[in-house]
Amino acid sequence: MEQQREYKKIVEPDKEKTADIFDLDQERQERREKSINNVINFREKQYEKDFSENPVSGDMLLNLKTHNSIVLNDAIDLIGKEKLSSEDSAAVIIATIMHDSGKLSSDLLSHHKKGVEYAKGLIEKMQKEKSKFEGIEITQELGQKILQAIERHMNHPFLVVKNGGERFPEPENKVDRVVYDADMLANIGFKNVGFRLASEEYLREDSQKAIENGTNALEETFANVMQGVVKLDSVVLTSPAQKIAKERIEDTKRIFNYLKENKVFESLLLEQNIVNEKIRKSGKKLNLDDKIIEEMIKKENIIKLNGEIRKAGMALGIDSKIIDKLMM
Ligand SMILES: [Fe+2]
Ligand SMILES: [Fe+2]
């Protein structure tokens with residue numbers, strides 16, 4: 001119970017924003033919002049349950065929350081650009097909301113399978129209650145499309161590498177491609193910095209790199225994430241997503257360079273620099289103080305970093321709605 005309250009407390013302030021992207025008339029907008037909220041509520045209940053059984057860091061929850069919201073926004077944008085039918089649009093939206101629903105109860109390489117399992121539960125519930133999504137009935141066929149799109153969202157280059165080079169099921173139809181592209185687009189930006197900072201293993205790797213390169217760990221974390229980001233325009237499948245990807249990669253690069261040039265990493269990570277200095281002086285072996293690792297993954301650091309990303313974006317004249325999508 002205590003932990004369940006904790007989950008709500010962590011995710012509450014970051015309500016999923018969907019209203020601003022709707023370009024529909026009032027009535028349709030309300031209906032869509034209601035349908036979307038029903039699915040989001042289903043997923044949130046699942047997250048809450050999984051969190052109570054296996055609590056993860058507050059950072060991870062916030063990252064997931066932000067990610068889910070960005071993917072949904074991009075998916076709705078792509079639905080319009082790809083002119084999908086009402087049925088396919090419903091499938092895309094439901095699959096998008098559920099695509100990472102298994103993240104708190106499985107490992108990274110199999111979270112699609114958990115997601116399929118949870119989405120099955122949702123579809124069965126909707127069918128039993130005869131509830132529709134935006135007036136669309138979730139038939140067996142449509143349900144199948146939803147499950148397939150979740151199953152086929154996995155071929156992010158990072159996951160493929162992590163999977164020993166072996167690819168996951170490929171997107172095959174329009175619904176799959178839009179869900180997949182929306183997820184890839186949401187990976188353009190600094191989102192994975194948050195994930196990387198939440199892992200002790202990566203922190204150690206980045207600190208080691210920093211020592212070798214004479215930089216600092218935070219800059220190396222960003223640089224590592226950037227290596228993945230710049231490739232994503234060749235990974236997305238639809239042409240509207242390719243155009244969006246190119247623009248966002250450009251903006252992300254400009255922000256990264258700005259942060260480097262303005263020495264933001266150094267000023268943010270004084271403690272880390274002190275540790276690096278100590279390690280440099282004391283020899284090669286890396287032995288980070290656990291307290292410092294804890295410190296680095298604290299929420300305040302993510303908020304501070306996001307603040308710096310926003311400032312850089314504004315200074316570069318990037319649209320604030322785009323900056324939102326590039327944040328951690
Ligand atoms: Fe995923
Ligand atoms: Fe995702």
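Here are four short exercises on a predicted model, each with a worked solution.

**Exercise 1. The overall make-up**

Task: Find how many helices and strands the chain has, and what share of its residues is buried.

Solution: Begin with the secondary structure, where the chain shows 17 helices and 0 strands. Next, look at burial: of the 328 residues in the chain, 39% are buried. Finally, turn to the contacts with a separation of 6 or more; 75% of them join residues 24 or more positions apart.

**Exercise 2. Two neighbours of helix H4**

Task: Describe how H4 packs against H8 and against H6.

Solution: A good way in is general: a pair of packed helices is described by the angle between the axes and the distance between them.

- Step 1. Helix H4 (residues 86–98) and helix H8 (residues 174–185) have axes 9 Å apart, at an angle of about 40°. The two are therefore oblique to each other, and their crossing is right-handed.
- Step 2. On the H4 side, this contact uses Asp88, Ala91, Val92, Ala95 and Thr96, while H8 supplies Lys174, Val175, Val178, Val179 and Ala182. Sorted by class, these residues are 7 nonpolar, 1 polar and 2 charged.
- Step 3. Now take helix H6 (residues 140–151), whose axis comes within 9 Å of that of H4 and crosses at roughly 45°. H4 is thus oblique to H6, and this crossing is right-handed.
- Step 4. Here Glu87, Ala90, Ala91, Ile94, Ala95 and Met98 of H4 meet Leu142, Lys145, Ile146, Ala149 and Ile150 of H6. The classes are 9 nonpolar, no polar and 2 charged residues.

**Exercise 3. The pair H10 and H11**

Task: Work out how H10 is oriented relative to H11, and which residues make the contact.

Solution: Helix H10 (residues 200–213) packs on helix H11 (residues 217–229) at an angle of about 110°, and the axes are 8 Å apart. Since angles of 65 to 115 degrees count as roughly perpendicular, H10 is roughly perpendicular to H11. From H10 come Leu203, Asp206, Ser207, Lys209, Ala210 and Asn213; from H11 come Ala217, Glu220, Thr221 and Asn224. Their classes are 3 nonpolar, 4 polar and 3 charged.

**Exercise 4. Alanine 315**

Task: Locate alanine 315 and decide whether this residue is buried or exposed.

Solution: First, place alanine 315 in helix H16 (residues 299–315). Then count its surroundings: 12 other C-beta atoms lie within 10 Å, so alanine 315 is exposed. Last, check its relation to isoleucine 255: the two are 60 residues apart in sequence, and their C-alpha atoms are 9.2 Å apart in space.

Conventions: Residues are numbered from 1 along each chain as its sequence is written. Chains are lettered from A and ligands numbered from 1 in the order in which they are written. This is a predicted model: local features need pLDDT of at least 70, side-chain atom pairs count only at pLDDT 80 or more; totals for chains, interfaces and linings use all residues. Helices (H or I, at least four residues) and strands (E, at least two) are DSSP runs, numbered from the N terminus. Axes are lines fitted to C-alpha atoms, for helices over the stretch in contact, and angles run from 0 to 180 degrees between N-to-C directions. Angles under 35 degrees count as roughly parallel, over 145 as roughly antiparallel, 65 to 115 as roughly perpendicular and the rest as oblique. Two residues are in contact if their C-beta atoms, placed from the backbone, lie within 7 Å. Ala, Val, Leu, Ile, Met, Phe, Trp, Tyr, Cys and Pro count as nonpolar, Asp, Glu, Lys and Arg as charged, and the others, Gly among them, as polar. A crossing is left-handed if the near helix is turned anticlockwise from the far one by less than a right angle, and right-handed if clockwise. A residue is buried if 20 or more other C-beta atoms lie within 10 Å of its own, exposed if 12 or fewer, and partly exposed in between; C-beta atoms are placed from the backbone.
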